[in-house]
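Colleague: I should be grateful for a close look at one part of this model, namely the surroundings of the ligand, followed by an account of the strands that lead up to that region.

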Amino acid sequence: MPRAIEAGPRPTVGSAQRPEEGAGDWPRACAVVVPSPRHQVDFPLAMSASNSTDTFRIHRATPETAVAEALADVLMDCVEGGASVGFMHPLPRARALAFWQQVLASAARAERIVLVAEDVESSTIVGTVQVVLAMPDNQPHRADVAKMLVHRRARRRGLGAALVQAAETAAHDAGKTLLVLDTVTGSDAERMYARLGWERCGVIPGYALWPHGGLCSTTVFYRVLAS
Ligand SMILES: CC(C)(COP(=O)(O)OP(=O)(O)OC[C@H]1O[C@@H](n2cnc3c(N)ncnc32)[C@H](O)[C@@H]1OP(=O)(O)O)[C@@H](O)C(=O)NCCC(=O)NCCS
């Protein structure tokens with residue numbers, strides 16, 4: 001597990017808010033400012049220092065329509081860019097929005113944790129990841145990591161890695177000790193999880209379709225979290 005930075009008290013789920021046009025009243029109070037790392041998070045998280053001026057804030061999503069709209073933008077961008085993440089291209093906006101509304105409702109029922117990464121400068125959500133907590137009775141210690149998405153304009157700045165680490169921390173804090181995910185074989189994401197120390201289990205050939213058609217394989221990963 002990443003070592004926690006002494007970054008202040010942990011806010012409650014859903015209390016991290018952001019100012020955004022049309023997003024209603026988003027109090028800023030619980031955005032913990034992490035002293036020097038390039039990302040700010042609303043819970044302690046180890047981040048590699050960087051001399052980049054990029055600043056992102058990772059926090060738990062709240063169930064506002066504006067959040068679902070912003071997440072729909074990220075999902076549509078990823079699908080348009082060729083990511084195999086459960087949807088075919090072209091992805092209608094209404095379908096993307098309905099998906100996120102269901103996901104946020106599920107988070108409100110504490111079945112999952114939805115993390116979002118906000119570009120502080122533009123107050124725009126540019127990335128997300130989920131920790132699926134609801135598991136069968138005989139797997140209370142396990143969670144799935146799902147829907148890791150970073151908008152193309154925010155990639156290759158360490159945000160994906162920061163989201164993975166934030167997901168691991170959130171899962172650990174929820175009492176989970178085993179994480180599982182799968183991702184397209186040979187993708188940027190596969191490289192990222194391997195780089196971050198996830199264990200590769202193997203490949204399932206022809207697992208899913210690319211958004212523009214044609215089969216892709218998936219690689220299954222797991223990670224044991226210190227209890
Ligand atoms: C996979 C994904 C989430 C990665 O997001 P990201 O924010 O680009 O991830 P990172 O920035 O942490 O790492 C990506 C690369 O940038 C590099 N990088 C990180 N910080 C950097 C920096 N400051 N300067 C230059 N390069 C940097 C990393 O080393 C990595 O390099 P590599 O691809 O050669 O291994 C993103 O590509 C994505 O959303 N893909 C589409 C959706 C998808 O496939 N999701 C996975 C579903 S499980």
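Modeller: In this predicted model, the ligand is surrounded by 22 residues, and those that come nearest are Ala83, Arg155, Gly160, Ala161 and Ala189. Four elements each give two or more residues to this shell: the strands S5 (142–150) and S6 (178–184), together with the helices H3 (159–173) and H4 (188–195). Among the contributors, H4 gives the most, with four residues. Sorted by class, the shell around the ligand holds 11 nonpolar residues, six polar residues and five charged residues.

Strand S5, one of the elements of the shell, leads on to the neighbouring strands. S4 and S5 pair in the antiparallel sense, and five bridges join them. Within this pairing, Val131 has Val145 in S5 as its bridge partner.

Strand S4 spans residues 124–132, and because eight of its nine residues are buried, the strand is largely enclosed by the rest of the structure. S4 also pairs with strand S3 (residues 112–119), again in the antiparallel sense, here over eight bridges. Glu118 is the residue that stands opposite Ile125 in S4. S3 and S4 form a hairpin with four residues between the strands, and in this hairpin Ser123 takes a positive phi near 55°.

Read from the ligand outwards, the account thus passes from the shell, to which S5 gives two or more residues, to S4, which pairs with S5, and then to S3, which pairs with S4.

Definitions and conventions: Residues are numbered from 1 along each chain as its sequence is written. This is a predicted model: local features need pLDDT of at least 70, side-chain atom pairs count only at pLDDT 80 or more; totals for chains, interfaces and linings use all residues. A residue is near a molecule or strand if its C-beta atom, placed from the backbone, lies within 6 Å of it. Ala, Val, Leu, Ile, Met, Phe, Trp, Tyr, Cys and Pro count as nonpolar, Asp, Glu, Lys and Arg as charged, and the others, Gly among them, as polar. A residue is buried if 20 or more other C-beta atoms lie within 10 Å of its own, exposed if 12 or fewer, and partly exposed in between; C-beta atoms are placed from the backbone. Two strands pair if DSSP finds at least two bridges between them.
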